[in-house]
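User: Please take a close look at one part of this protein, the nonpolar core, and set it in the context of the rest of the fold.

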Amino acid sequence: MSVDEDARWLEWVTKQFESIAGDDKEIDIDEFKTALKVKESFFAERFFALFDSDGSGSISLDELLKALDLLIHGSETDKLKFLFQVYDVDGSGSIDPDELRTVLKSCLRESAISLPEEKLDDLTLALFESADRDNSGSITFEELKAELENFPEVMENLTISAANWLKPPAVDQKKRRAPRYLTRAYWQNNSRKLFFLCVYAVLTVLLFTGAMLQHHHGGSWFMVAKGCGQCLNFNCTFILVLMLRRFLTWLRATWVVRVFPLDQNILLHQIVGYAILCFTLVHTTAHIFNFVQLSEHSGFRLWEYLLTTRPGVGWVKGTASLTGVVLQLFIFLMVLCSSTFVRRSGHFEVFYWSHLSYVWVWSLLVVHCANFWKWFLVPGLIFLLEKIVGIAVARMGGLHIVEVNLLPSKVTHLVIKRPEFFHFKPGDYVYVNIPEIAKYEWHPFTISSPPEQSDSLWLHIRSMGQWTNRLYEYFRQPEREELSPKRLAASLRNRRELTRAQEELFSFTNCNGAVASNENDAVELMMYRQNGSPAPPTSESPSPAETLPDGLEPAERGEAPPIREVSAKFGENHRFCNIKCYVDGPYGTPTRQIFTSEHAVLIGAGIGITPFASILQSIMYRYRMRKQNCPNCNYSWCENIKDGEMLLRKVDFIWINRDQKSFEWFVSLLTKLEMDQADEEPEGRFLEMHMYMTSALSKNDMKAIGLQMALDLLAKKEKRDSITGLRTRTQPGRPEWGKVFQKVSEENKGKVHVFYCGAPALAKTIKAQCERFGFNFYKEHF
């Protein structure tokens, strides 16, 4: 650090110390814990003891500056000595296994990771055996330092919360760059949207100008009102076109999708909605000023022009002014109730019911304006046809929810019997109505099962609003007679299937000679027998899927067995039922572009994995159709053959979750997808998974170094991650998108398309990085 930076750092630390210490100018242990913001008091107490060099029971400013100077300005050796002292709980100068276990247990709590005691023992032994080079039964400072040299990324920015928090904010010294909207990458990645907006703007100007010139005899305010009125004729019709979901889904399969941004129809619908509000306000204001001028030369007053039919303004018995006032109120109400605040604050019903007033808006527009029906005729007929087809398809299907799973993180997994005529593409979504939950409400959800699964549809629904919470609570209630009228038959059928599997499994001995003899193994056998695998896991050699909420089988037809969901327990969280539901769809999404891209990067945040669940299963189904096996050995590979259905050469799947429980409900599917790939293929793995847990502390934090090292070592030893059970190691913290996309770019697998589903805030960050690397970006909209 320079002299100026040192002075700035000293001033900042002093200010922070004074805000913590209070009047006594000393920081006690409670104040230290509060400032450090740690979940586990172990680390706060260890850090406090090391900061309190004189053992007085409080930290002075001098002691704090001395400790922080070591952690911020000190050498790697100084920092490592501090770390060693944290782990050396009894101060003996070495770390024994019990001390290491105590620290790792605190690390788990700090990172919000829950593992069984046996797994904690495994982590402790993995790290201890790797670090104890001389097998002395304890780890010395030199051995710890040598072990950390195997993890160079740890030492890049070794810190603890206090040191990081008390560092002054970095001065932004970035070079001045061109605004994002002026960069070439932005224009390339948004070319279709920008082209549409340009065409829309030009068309609006032409309509406005033409209407003004046509009515030039009526004065300036009359010309403005007529210009806005013509634009409203167009926009009030075009906003309908943007929501013709079946029509747009059909257009996605044509050349139009390469010219116009059909995948952003919701965004364009919102833009046109705001344009209608603006044109309405200007149109109304212009007419008011025009009526003011007319009232000066006629026998009618201003309020008569605005609120009565006496002046005879309008083509249907002089009702233009009255219908205009009502239209103004309807449009303002629709825009207000469509705001993010209303829709995302648990008041979806307000948005839904207020939006249905579009029927009254169009009806009043026909009465209000003499020419509107000419604009509305064709789109209105298509809209009516879509509604009739949608109602007919939804009602004639006779669909029923036949199975329900209540999964971790308040996710409701619905299994709906799939009708024969129902065809969809991976990533499509449907509108669902369940009269038992709400008779008139329809809500959109992505289909999480693949098209190749012909017997059922899967929906995974996260409880985030009133309707979804009611759905979860409805199935969470104790099983009632009307909820599961066929539960005895279903229970008997599954009990027989389970007994048959157990009888077969009892006679099965794996290659190690261990015999499985419990219920979980019987369930696993049912999965593995259908998969054609030679050796199912047993109680002696557990599989990652054994600890998961449900088991999944392949989604193929023809060469591969059918896909079914298997569960050993049928209780409050997993039950059969027979509940009537209606489904409107399917409708296409931007994810349909995945199969036409060469290198696809799929990014799901939390429940945002649902569209990719169907896509990943379908991708792997098509991948297996290409898979070749050597007749003389067990070696298998996937031929790199491009076809009309799938041009993909590489898929990177990134799933970001806040905590460990968020992974549990979908890991079984990912486990199966990993198992479907050969360990070695000519051009590397076709599907790579990247898991991130944001609540976990990163490797460069002193409170997590040991844990992350132990997790790495145990993952290499067991060839699976301790958190998820996957082969893929779960990474702590958030992805560094610059590094992630740099690696993707260096693979040179073809044009990269990034598909994202999740929170809008993260979408902006990812989109900016995509523009930087020249990747195409698609965000899920429905």
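Analyst: What follows starts with the whole chain, goes to the core and one residue in it, and then turns to other parts of the fold.

The model is a predicted one. The protein contains 29 helices and 17 strands. Of its 782 residues, 51% are buried. Taking contacts between residues at least 6 apart in sequence, 68% join residues at least 24 apart.

The largest nonpolar core comprises 84 residues. Phe51, Ile594, Leu602, Phe653, Leu670 and Leu687 are the residues with the most contacts inside this core. Beyond its neighbours within four places in sequence, Leu670 contacts Leu616, Phe653, Trp655, Met689, Met691 and Leu726. A second core, separate from the largest, has 32 residues, including Phe196, Phe279, Trp362 and Leu364.

Leu602 merits a closer look. This residue lies in strand 10, which runs over residues 599–605. Its relative accessible area is 0%, so Leu602 is buried. Not counting residues up to four places away in sequence, Leu602 touches Ile594, Phe612, Ile615, Leu616, Val651, Asp652, Phe653, Ile654 and Phe755. Ile615, one of these, is 13 residues from Leu602 along the chain, and the two C-alpha atoms are 9.6 Å apart. Two residues, Leu616 and Phe653, appear among the contacts of Leu602 and also among those of Leu670. Ile594, touched by Leu602, is itself listed with the residues that have the most contacts inside the largest core.

The cysteines come next. The structure holds 0 disulfides. For Cys577, the closest cysteine sulfur belongs to Cys581 and is 9.3 Å away, which is too far for a bond because a disulfide needs the two sulfur atoms within 2.5 Å. Cys577 is buried, since its relative accessibility of 10% falls under the 20% limit. Cys107 also counts as buried, with a relative accessibility of 0%.

Among the strands, one open sheet has 3 members in the order 4-3-9, with antiparallel pairing. Strand 4 (443–446) and strand 9 (582–587) are the edge strands, each pairing on one side only. From one strand to the next, the twist averages 30°. Strand 3, residues 429–433, pairs with strand 9 in the antiparallel sense over 4 bridges. Val583 in strand 9 is the bridge partner of Val432.

Among the helices, helix 12 covers residues 220–241 and has 22 residues. From first to last C-alpha, helix 12 reaches 32 Å, close to the 32 Å expected at 1.5 Å a residue. Helix 12 is mostly covered, with 16 of its 22 residues buried.

Burial is also found in a loop. Ser138 sits in the loop between helix 7 (117–131) and helix 8 (141–148). With a relative accessibility of 17%, Ser138 counts as buried because the limit is under 20%. Leaving aside neighbours within four places in sequence, Ser138 is in contact with Ser94, Ile95, Phe128, Asp132 and Glu143. Ser138 is thus buried at 17% relative accessibility, whereas Leu602 in the core is buried at 0%.

Key: Residues are numbered from 1 along each chain as its sequence is written. This is a predicted model: local features need pLDDT of at least 70, side-chain atom pairs count only at pLDDT 80 or more; totals for chains, interfaces and linings use all residues. Side-chain values use heavy atoms; hydrogens and water are left out. A nonpolar core is a set of buried Ala, Val, Leu, Ile, Met, Phe, Trp, Tyr and Cys residues joined through side-chain atoms within 4.5 Å. Buried means under 20% relative accessible area, exposed over 50%, partly exposed in between (1.4 Å probe, protein chains only). Contact means heavy atoms within 4.5 Å. Two strands pair if DSSP finds at least two bridges between them. Helices (H or I, at least four residues) and strands (E, at least two) are DSSP runs, numbered from the N terminus. Axes are lines fitted to C-alpha atoms, for helices over the stretch in contact, and angles run from 0 to 180 degrees between N-to-C directions. The expected span of a helix is 1.5 Å times one less than its number of residues.
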